[in-house]
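User: Could you take a close look at the salt bridges in this model, and then at the pockets around them? I would enjoy a connected walk through that part.

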Amino acid sequence: MNKISAFFLTVFLGLYFPVAAQIDVYQGDIISLLNCNGTIQKYDFEYEKTLVSLRVRVAAKDTPNSFWEKFREEKKESIKELISILAFAYRKNYSYPEIKELLNYCKTSAAQEQLENEKEVTNEELKIIEVYNTSKIAKTVLAKKEVLAADVKSIVDEWKRELFAKGLGAMVKAGYTK
């Protein structure tokens with residue numbers, strides 16, 4: 001390899017790896033945000049609703065519990081895949097600094113209390129919530145809410161269709177349909 005090729009290779013790799021690392025950190029932070037903002041709980045519930053739909057609409061009465069348990073074993077991986085896909089909708093709608101700001105807020109006890117809706121919010125947490133609600137990022141979230149919701153709905157609808165089809169296929173293959 002000549003000196004010029006080595007130089008260009010060094011410059012290219014020197015520029016490529018920091019950019020690639022930035023993209024990975026960005027994606028990782030979006031996934032962290034989705035993991036702490038109630039998304040997992042929401043789609044855990046959707047997964048269970050799909051199982052109920054399969055039981056009621058398609059499953060034979062003698063479908064063994066082991067079939068449903070096996071299907072539930074795949075829930076964590078299925079939701080993890082959904083979160084990875086949803087991350088692209090967030091990436092499309094929010095810059096990396098916005099994601100960092102949302103993630104930082106989401107990690108606060110005040111945000112977690114808001115998500116749980118079970119405990120009373122302390123005065124200190126109420127102040128954190130008020131500061132967030134009047135912040136630039138809260139206004140950005142509000143402005144992008146409909147576009148993000150449409151993207152998320154499209155992704156989730158496809159995920160649920162695939163989940164239902166997978167369950168239906170497994171039931172047909174095992175002979176557990178009505």
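Analyst: Happy to. A good place to start is Glu 46 and Lys 49, whose side chains meet in a salt bridge at 3.3 Å, N to O (a side-chain nitrogen of Lys or Arg within 4 Å of a carboxyl oxygen of Asp or Glu). Please keep in mind that this is a predicted model, where local features need pLDDT of at least 70 and side-chain atom pairs count only at pLDDT 80 or more, while totals for chains, interfaces and linings use all residues. Residues are numbered from 1 along each chain as its sequence is written, and side-chain values use heavy atoms, with hydrogens and water left out.

Both partners sit in helix H2, 3 residues apart, about one turn of the helix; helices here are DSSP runs of H or I with at least four residues, numbered from the N terminus. Glu 46 counts as buried at 12% relative accessibility, whereas Lys 49 is partly exposed at 40% (buried is under 20% relative accessible area, exposed over 50%, partly exposed in between, with a 1.4 Å probe and protein chains only).

Lys 92 and Asp 151 form another salt bridge, at 3.1 Å from N to O. This pair ties together distant parts of the chain, with Lys 92 in helix H4 and Asp 151 in helix H8, 59 residues apart. Lys 92 is exposed, at 57%, but Asp 151 is buried, at 17%.

Within helix H8, Glu 158 pairs with Arg 161 at 2.9 Å, N to O. These two are 3 residues apart, so about one helical turn separates them. Glu 158 is partly exposed, with a relative accessible area of 35%. Elsewhere, salt bridges with shared partners connect Asp 44, Glu 48, Glu 69, Arg 72 and Lys 75 into one network. The whole structure holds 12 salt bridges.

Glu 158 also leads us to a pocket: together with residues including Tyr 47, Glu 81 and Trp 159, Glu 158 lines the second largest one. A pocket is an open set of points on a 1 Å grid over the protein atoms alone, where a 1.4 Å probe fits, with protein on both sides within 12 Å along at least five of seven lines; lining residues have an atom within 4 Å of a point. H4 and H8 are the elements that give two or more residues to this lining, and H8 gives the most, with 6 residues.
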